[in-house]
Amino acid sequence: MNESFTYSSLLPSLLGGVMIGAAALLLMSSHGRIMGISGITSRLLKPVAGDIDWRVSFLAGLIVTPLVLQFSSRVQMQVVTDVSAPTLILAGLLVGFGTVYGNGCTSGHGVCGVSRLSRRSLVATLTFLATAMLTATLLRLVWGA
(Lines give C-alpha, C1' and ligand atoms only; values in the text may rest on other atoms or scores of the structure.)
Protein backbone atom coordinates (compact mmCIF):
# COMPACT_ATOMS: atom_id res chain seq x y z
CA MET A 1 0.00 0.00 0.00
CA ASN A 2 1.43 3.36 -1.07
CA GLU A 3 0.70 5.94 1.61
CA SER A 4 3.00 8.70 0.42
CA PHE A 5 1.77 11.98 -0.96
CA THR A 6 3.15 13.02 -4.33
CA TYR A 7 2.81 16.32 -6.15
CA SER A 8 1.48 14.45 -9.17
CA SER A 9 -1.56 13.53 -7.06
CA LEU A 10 -2.14 17.14 -6.00
CA LEU A 11 -4.06 18.35 -9.06
CA PRO A 12 -6.48 15.39 -9.28
CA SER A 13 -7.06 15.61 -5.52
CA LEU A 14 -7.70 19.34 -5.70
CA LEU A 15 -10.00 18.92 -8.68
CA GLY A 16 -11.91 16.15 -6.89
CA GLY A 17 -12.37 18.36 -3.84
CA VAL A 18 -13.63 21.25 -5.96
CA MET A 19 -16.08 18.92 -7.72
CA ILE A 20 -17.41 17.61 -4.39
CA GLY A 21 -17.84 21.17 -3.13
CA ALA A 22 -19.56 22.21 -6.36
CA ALA A 23 -21.92 19.21 -6.15
CA ALA A 24 -22.79 20.09 -2.55
CA LEU A 25 -23.44 23.70 -3.53
CA LEU A 26 -25.55 22.67 -6.52
CA LEU A 27 -27.69 20.29 -4.44
CA MET A 28 -28.15 22.90 -1.71
CA SER A 29 -29.05 25.67 -4.16
CA SER A 30 -31.32 23.55 -6.37
CA HIS A 31 -33.09 21.39 -3.76
CA GLY A 32 -32.25 22.98 -0.42
CA ARG A 33 -30.74 19.66 0.67
CA ILE A 34 -27.46 18.75 2.33
CA MET A 35 -25.25 16.33 0.40
CA GLY A 36 -24.86 13.70 3.10
CA ILE A 37 -24.73 10.25 1.54
CA SER A 38 -26.09 8.44 4.60
CA GLY A 39 -29.07 10.79 4.83
CA ILE A 40 -29.78 10.62 1.10
CA THR A 41 -29.64 6.82 1.19
CA SER A 42 -31.50 6.22 4.46
CA ARG A 43 -34.41 8.40 3.43
CA LEU A 44 -34.99 6.11 0.47
CA LEU A 45 -35.90 3.36 2.94
CA LYS A 46 -38.97 5.36 3.99
CA PRO A 47 -39.66 7.32 0.80
CA VAL A 48 -41.68 10.51 0.74
CA ALA A 49 -43.61 11.38 -2.42
CA GLY A 50 -41.81 13.98 -4.52
CA ASP A 51 -38.52 13.33 -2.72
CA ILE A 52 -37.44 10.11 -4.40
CA ASP A 53 -36.29 11.10 -7.89
CA TRP A 54 -33.39 13.34 -6.94
CA ARG A 55 -32.17 10.84 -4.31
CA VAL A 56 -32.17 7.93 -6.75
CA SER A 57 -30.52 10.10 -9.42
CA PHE A 58 -27.82 11.24 -7.00
CA LEU A 59 -27.00 7.71 -5.86
CA ALA A 60 -27.11 6.39 -9.43
CA GLY A 61 -24.59 9.09 -10.36
CA LEU A 62 -22.25 7.86 -7.63
CA ILE A 63 -22.35 4.39 -9.16
CA VAL A 64 -22.48 5.21 -12.87
CA THR A 65 -19.88 8.00 -13.03
CA PRO A 66 -16.83 5.84 -12.19
CA LEU A 67 -18.04 3.22 -14.66
CA VAL A 68 -18.36 5.83 -17.41
CA LEU A 69 -14.87 7.13 -16.58
CA GLN A 70 -13.46 3.61 -16.62
CA PHE A 71 -14.91 2.74 -20.03
CA SER A 72 -14.50 6.11 -21.72
CA SER A 73 -10.87 6.84 -20.87
CA ARG A 74 -7.54 5.19 -20.44
CA VAL A 75 -7.80 5.51 -16.68
CA GLN A 76 -7.48 2.12 -15.07
CA MET A 77 -9.13 2.02 -11.68
CA GLN A 78 -8.83 -0.88 -9.33
CA VAL A 79 -9.84 -1.47 -5.76
CA VAL A 80 -7.18 -3.17 -3.70
CA THR A 81 -7.70 -4.29 -0.15
CA ASP A 82 -5.65 -6.46 2.12
CA VAL A 83 -8.43 -7.23 4.59
CA SER A 84 -10.88 -10.09 4.63
CA ALA A 85 -14.54 -9.93 3.60
CA PRO A 86 -15.74 -10.35 7.23
CA THR A 87 -13.56 -7.39 8.24
CA LEU A 88 -15.05 -5.26 5.44
CA ILE A 89 -18.57 -6.28 6.47
CA LEU A 90 -17.87 -5.45 10.12
CA ALA A 91 -16.36 -2.11 9.11
CA GLY A 92 -19.42 -1.32 6.99
CA LEU A 93 -21.77 -2.15 9.85
CA LEU A 94 -19.76 0.01 12.23
CA VAL A 95 -19.82 2.91 9.78
CA GLY A 96 -23.56 2.46 9.36
CA PHE A 97 -24.06 2.46 13.12
CA GLY A 98 -21.86 5.53 13.44
CA THR A 99 -23.79 7.49 10.83
CA VAL A 100 -27.07 6.71 12.58
CA TYR A 101 -25.62 7.51 16.01
CA GLY A 102 -23.88 10.66 14.75
CA ASN A 103 -26.93 11.76 12.75
CA GLY A 104 -24.90 11.97 9.56
CA CYS A 105 -21.69 11.00 7.84
CA THR A 106 -18.44 12.64 6.87
CA SER A 107 -19.87 14.07 3.66
CA GLY A 108 -22.86 15.60 5.42
CA HIS A 109 -21.05 16.90 8.48
CA GLY A 110 -17.49 17.28 7.17
CA VAL A 111 -18.14 18.82 3.77
CA CYS A 112 -21.50 20.51 4.12
CA GLY A 113 -21.90 21.14 7.84
CA VAL A 114 -18.44 22.55 8.49
CA SER A 115 -18.72 24.81 5.44
CA ARG A 116 -21.98 26.18 6.92
CA LEU A 117 -20.12 26.75 10.22
CA SER A 118 -22.35 24.28 12.07
CA ARG A 119 -20.97 23.67 15.57
CA ARG A 120 -22.62 20.25 15.70
CA SER A 121 -20.98 19.28 12.41
CA LEU A 122 -17.60 20.57 13.57
CA VAL A 123 -17.82 18.43 16.72
CA ALA A 124 -19.02 15.43 14.69
CA THR A 125 -16.19 15.82 12.15
CA LEU A 126 -13.55 16.13 14.86
CA THR A 127 -15.02 13.02 16.50
CA PHE A 128 -14.91 11.12 13.17
CA LEU A 129 -11.27 12.09 12.64
CA ALA A 130 -10.18 11.32 16.20
CA THR A 131 -11.92 7.93 16.10
CA ALA A 132 -10.37 7.11 12.73
CA MET A 133 -6.88 8.04 13.95
CA LEU A 134 -7.31 6.03 17.14
CA THR A 135 -8.65 3.02 15.24
CA ALA A 136 -5.83 3.10 12.68
CA THR A 137 -3.23 3.46 15.41
CA LEU A 138 -4.66 0.57 17.42
CA LEU A 139 -4.90 -1.65 14.36
CA ARG A 140 -1.26 -1.01 13.53
CA LEU A 141 -0.02 -1.46 17.08
CA VAL A 142 -2.12 -4.47 18.04
CA TRP A 143 -2.52 -6.37 14.78
CA GLY A 144 0.27 -4.89 12.69
CA ALA A 145 -2.23 -3.91 9.98
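## A buried pair around Asp51

Asp51 and Arg55 are both buried, and in this predicted model the two residues form a salt bridge in which the closest N and O atoms are 2.8 Å apart. For Asp51, the relative accessibility is 11%, a value that counts as buried because it falls under 20%.

## The salt-bridge network

Asp51 also meets the side chain of Arg33 in a salt bridge, with an N to O distance of 3.4 Å. Asp51 lies in the loop between α2 (37-42) and α3 (53-72), whereas Arg33 belongs to the loop between α1 (10-31) and α2, so this pair ties together parts that are 18 residues apart in sequence. Unlike the buried Asp51, Arg33 is partly exposed, its relative accessible area being 35%.

The count of salt bridges comes to 2, and Arg33, Asp51 and Arg55 are linked through such contacts in a network. Asp51 takes part both in the contact with Arg33 and in the contact with Arg55. As a general point, side chains of opposite charge can pair when their charged atoms come close.

## Cysteines without a disulfide

The structure holds 0 disulfides. Cys105 is in no disulfide, and the nearest cysteine sulfur, which belongs to Cys112, is 8.6 Å away; Cys112 is likewise in no disulfide, with the sulfur of Cys105 as its nearest cysteine sulfur at that distance of 8.6 Å. Because a disulfide requires two cysteine sulfur atoms within 2.5 Å, the separation of 8.6 Å between the sulfurs of Cys105 and Cys112 does not qualify.

Both cysteines are nevertheless shielded by the criterion of relative accessible area: Cys105 is buried at 10%, and Cys112 is buried at 6%.

## An aromatic pair on helix α4

A search of the whole structure finds 1 aromatic pair. The partners are Phe97 and Tyr101, whose rings are stacked, with 5.8 Å from centre to centre and 10° between the planes. The angle of 10° counts as stacked because planes under 30 degrees apart are placed in that class.

Phe97 and Tyr101 both lie in helix α4, which covers residues 85-101, and they are 4 residues apart, a spacing of about one turn of the helix. Both members of this aromatic pair, Phe97 and Tyr101, are exposed, whereas both members of the salt bridge between Asp51 and Arg55 are buried.

Conventions
Residues are numbered from 1 along each chain as its sequence is written. This is a predicted model: local features need pLDDT of at least 70, side-chain atom pairs count only at pLDDT 80 or more; totals for chains, interfaces and linings use all residues. Side-chain values use heavy atoms; hydrogens and water are left out. A salt bridge is a side-chain nitrogen of Lys or Arg within 4 Å of a carboxyl oxygen of Asp or Glu. Helices (H or I, at least four residues) and strands (E, at least two) are DSSP runs, numbered from the N terminus. Buried means under 20% relative accessible area, exposed over 50%, partly exposed in between (1.4 Å probe, protein chains only). Rings of Phe, Tyr and Trp (its six-membered ring) pair if their centres lie within 6.5 Å; planes under 30 degrees apart count as stacked, over 60 as edge-to-face and the rest as tilted.
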